[in-house]
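Hello,

Here is the structure I promised to pass on to you. Have a look at it first, and my notes on what turned up follow below.

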Amino acid sequence: MLMNDLKELRLFALLCETSQEISNEVMKSAYENFVEQIVPNQSETEYSVVFRRLNLTRIEFKTLQTNILCEQGEKCA
């Protein structure tokens, strides 16, 4: 799965929402789906691909965090 595909997952949409009315069950379900997409299949043994995928995901989460802090009035980089 490519990073662009990961960005289309429900978890990223939920993290970008400004609404505080997201239930724990909805977030848990979205996270579980996200993990299923990240963790390699039994047949996938190309760990460099998995590592790259996880690293890109970390970068995307860091970007989301920065955007949220900027929206809350924190100093933006």
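A residue is called buried here when its relative accessible area is under 20%, exposed when it is over 50%, and partly exposed in between. By that cut-off Phe34 is buried, because its relative accessibility is 6%. Please keep in mind that this is a predicted model.

Phe34 is a good place to start, since it turns up in several of the findings below. It belongs to the largest nonpolar core, a group of eight residues that also includes Leu9, Leu11, Phe12, Leu14, Ala30, Ile38 and Leu64. Two elements give two or more residues to this core: helix H2, residues 10-16, and helix H3, residues 24-38. Leu64, another member of the core, touches Phe12, Leu15 and Cys16, leaving aside residues up to four places away in sequence.

Now to the aromatic rings. How many aromatic pairs does a search of the whole structure find? The search gives four. In one of them, Tyr31 and Phe34 are tilted, with 6.4 Å from centre to centre and 35° between the planes. Both residues sit in helix H3, three residues apart, or about one turn of the helix. Tyr31 is partly exposed at a relative accessible area of 47%, whereas Phe34 is buried at 6%.

Phe34 also pairs with Phe61, this time edge-to-face, at 5.6 Å centre to centre and 65° between the planes. Here Phe34 lies in helix H3 and Phe61 in helix H4, residues 47-71, so the pair ties together parts that are 27 residues apart in sequence. Phe61 is partly exposed, with a relative accessible area of 29%. Taken as a group, Phe12, Tyr31, Phe34 and Phe61 form one aromatic cluster, and of these, Phe12 and Phe34 are also listed in the largest nonpolar core.

Last, the pockets. The largest pocket holds about 290 Å³ of space. It is lined by 14 residues, and those nearest its centre are Leu15, Cys16, Glu17, Thr18 and Ile68. Which elements supply at least two residues each to this lining? They are H2 and H4, with H4 giving the largest share, four residues. By type, the lining of the largest pocket divides into seven nonpolar, five polar and two charged residues. Leu15 and Cys16, named above among the residues nearest the centre of the pocket, are also contacts of Leu64.

Happy browsing, and do write back with any questions.

Best wishes

Technical notes:
Residues are numbered from 1 along each chain as its sequence is written. This is a predicted model: local features need pLDDT of at least 70, side-chain atom pairs count only at pLDDT 80 or more; totals for chains, interfaces and linings use all residues. Side-chain values use heavy atoms; hydrogens and water are left out. A nonpolar core is a set of buried Ala, Val, Leu, Ile, Met, Phe, Trp, Tyr and Cys residues joined through side-chain atoms within 4.5 Å. Buried means under 20% relative accessible area, exposed over 50%, partly exposed in between (1.4 Å probe, protein chains only). Contact means heavy atoms within 4.5 Å. Rings of Phe, Tyr and Trp (its six-membered ring) pair if their centres lie within 6.5 Å; planes under 30 degrees apart count as stacked, over 60 as edge-to-face and the rest as tilted. On a 1 Å grid over the protein atoms alone, a cavity is a set of points where a 1.4 Å probe fits but cannot get out, and a pocket is an open set with protein on both sides within 12 Å along at least five of seven lines; lining residues have an atom within 4 Å of a point. Grid points are joined across faces, edges and corners, and a volume is the space filled by probe spheres set on the points. Ala, Val, Leu, Ile, Met, Phe, Trp, Tyr, Cys and Pro count as nonpolar, Asp, Glu, Lys and Arg as charged, and the others, Gly among them, as polar.
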